[in-house]
Amino acid sequence: MAKVEVMENILDANDQLAAQNRQLLNGKGVFLVNFMASPGAGKTSAILRTIEDLKGAIRCGVIEGDVASSVDADKVAAAGVPVVQINTGGGCHLDAPMIRGALEQLPLDELDLVMVENVGNLICPVGFKLGEHLRIMVASVPEGHDKPCKYPSIFIQVEAIILNKIDLLPLVDFDMENYHRLVRGLNATAPVFLVSATVGDGFEEWTSWLKGRWEGFKADLEWKNLASGVA
Ligand code: MG
Ligand code: ZN
């Protein structure tokens, strides 16, 4: 079998399991958000801040994807949030089977939203569907404003961009106008939220947008249940 063909078959199997993950999640009324970023962009801090802001309104769980260690999962667990760690053992992205295993370990009946922290990598995570309802990118200003030119695929495929570490803007060479222009050249609709996860700036706008998406998901599910007479 040709190499290309093998790769297509792997993606096919992954897509099928991703669709099953989606079914499981819809059945439980749980919204799955896939956070992708380069290493060190601040995914874990952004996730922790988001959980804090949603507290009392939306019950969150987390799936932590890392090549090794449980450093990030420990931080999330310390915040009192249900969390499952996936160690890929060298693998550079999460896939649908890994997410299936993690979902089975989470108390889905007690959750409204699960955030997936993908492996830090701007290239292949976007190629693997997990069954998620929403794809988000966390970027950060020290990475520079030219990231959209270098990794167009992820910018094209996400529905929102959290631009983190804006408190460092005075210290780094980052052209905001240029960045917005480059992002818009690839993605006409994704909002860009300017935040600092450590300071806490800019999170209201992002979390209220996320809340809106979650409410839309819930409304959609209710409508589908009514339409199919399950209600
Ligand atoms: Mg992390
Ligand atoms: Zn990979």
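Helices are DSSP runs of at least four residues, numbered from the N terminus. In this predicted model, the protein chain holds eight helices and seven strands. The radius of gyration of the chain is 18 Å, close to the 17 Å that the globule rule gives for 231 residues, so the chain is as compact as a globular protein of that length. Taken along the principal axes, the C-alpha atoms fill a box of roughly 55 × 55 × 35 Å. Of the 231 residues, 47% count as buried. The accessible surface comes to about 10,900 Å², and carbon and sulfur atoms account for 54% of that area. Among contacts in the chain with a separation of 6 or more, 73% are between residues 24 or more positions apart.

Helix 8 (residues 203-227) takes part in salt bridges at arginine 213 and at aspartate 220. Aspartate 220 is paired with lysine 224, with 3.4 Å between the closest N and O atoms. These two residues are four apart in helix 8, so about one helical turn separates them. Both ends of the bridge are partly exposed: aspartate 220 has a relative accessible area of 40%, and lysine 224 has a relative accessibility of 45%. Arginine 213 forms its salt bridge with glutamate 159, at 2.7 Å from N to O. This pair links distant parts of the chain, since glutamate 159 lies 54 residues away in the loop between helix 6 (152-157) and strand 6 (160-164). Arginine 213 is partly exposed at 27% relative accessibility, as is glutamate 159 with a relative accessible area of 33%. The count of salt bridges comes to ten.

A magnesium ion (ligand 1) has as its protein donors Thr44 (OG1), Asp72 (OD) and Glu117 (OE), which lie 2.0 to 2.1 Å from the ion. Along the chain these donors follow the spacing T-x27-D-x44-E. Aspartate 72 in helix 3 (residues 71-78) and glutamate 117 in strand 4 are 45 residues apart, and the pair links distant parts of the chain. Both aspartate 72 and glutamate 117 are buried. Aspartate 72 has a relative accessibility of 13%, and residues under 20% are classed as buried. Aspartate 72 also forms a salt bridge with lysine 75, where the closest N and O atoms are 3.8 Å apart. The two residues are three apart in helix 3, so they are separated by about one helical turn. Lysine 75, in contrast to its buried partner, is partly exposed, with a relative accessible area of 44%.

A zinc ion (ligand 2) has the protein donors Cys92 (SG), His93 (ND1) and Cys124 (SG), at 2.0 to 2.2 Å from the ion. The spacing of these donors along the chain is C-H-x30-C. Cysteine 92 lies in the loop between strand 3 (83-87) and helix 4 (96-105), and cysteine 124 in the loop between strand 4 (113-117) and strand 5 (134-140), so the pair ties together parts that are 32 residues apart in sequence. Cysteine 92 is partly exposed, with a relative accessible area of 36%.

On the surface, Val6, Met7 and Ile10 make a nonpolar patch of about 230 Å². Valine 6 belongs to helix 1 (residues 3-28) and is partly exposed, with a relative accessible area of 35%.

Key. Residues numbered from 1 in each chain as written. Chains lettered and ligands numbered in written order. Predicted model: local features only at pLDDT ≥ 70, side-chain atom pairs only at ≥ 80, totals over all residues. Heavy atoms only, no water. Donors = N, O, S within 2.8 Å, 3.2 Å for Na, K, Ca; no water. Buried < 20%, exposed > 50% of the residue type's maximum accessible area, 1.4 Å probe, protein only. Patch = residues over 30% accessible without salt bridge, like charges linked within 9 Å, V, L, I, M, F, W, Y side chains within 5 Å. Areas by Shrake-Rupley, 256 points an atom, 1.4 Å probe, with all protein chains shown as cover. Salt bridge = Lys/Arg side-chain N within 4 Å of Asp/Glu carboxyl O. Rg over C-alpha atoms; globule rule 2.2 N^0.38 Å. Contact = heavy atoms within 4.5 Å.
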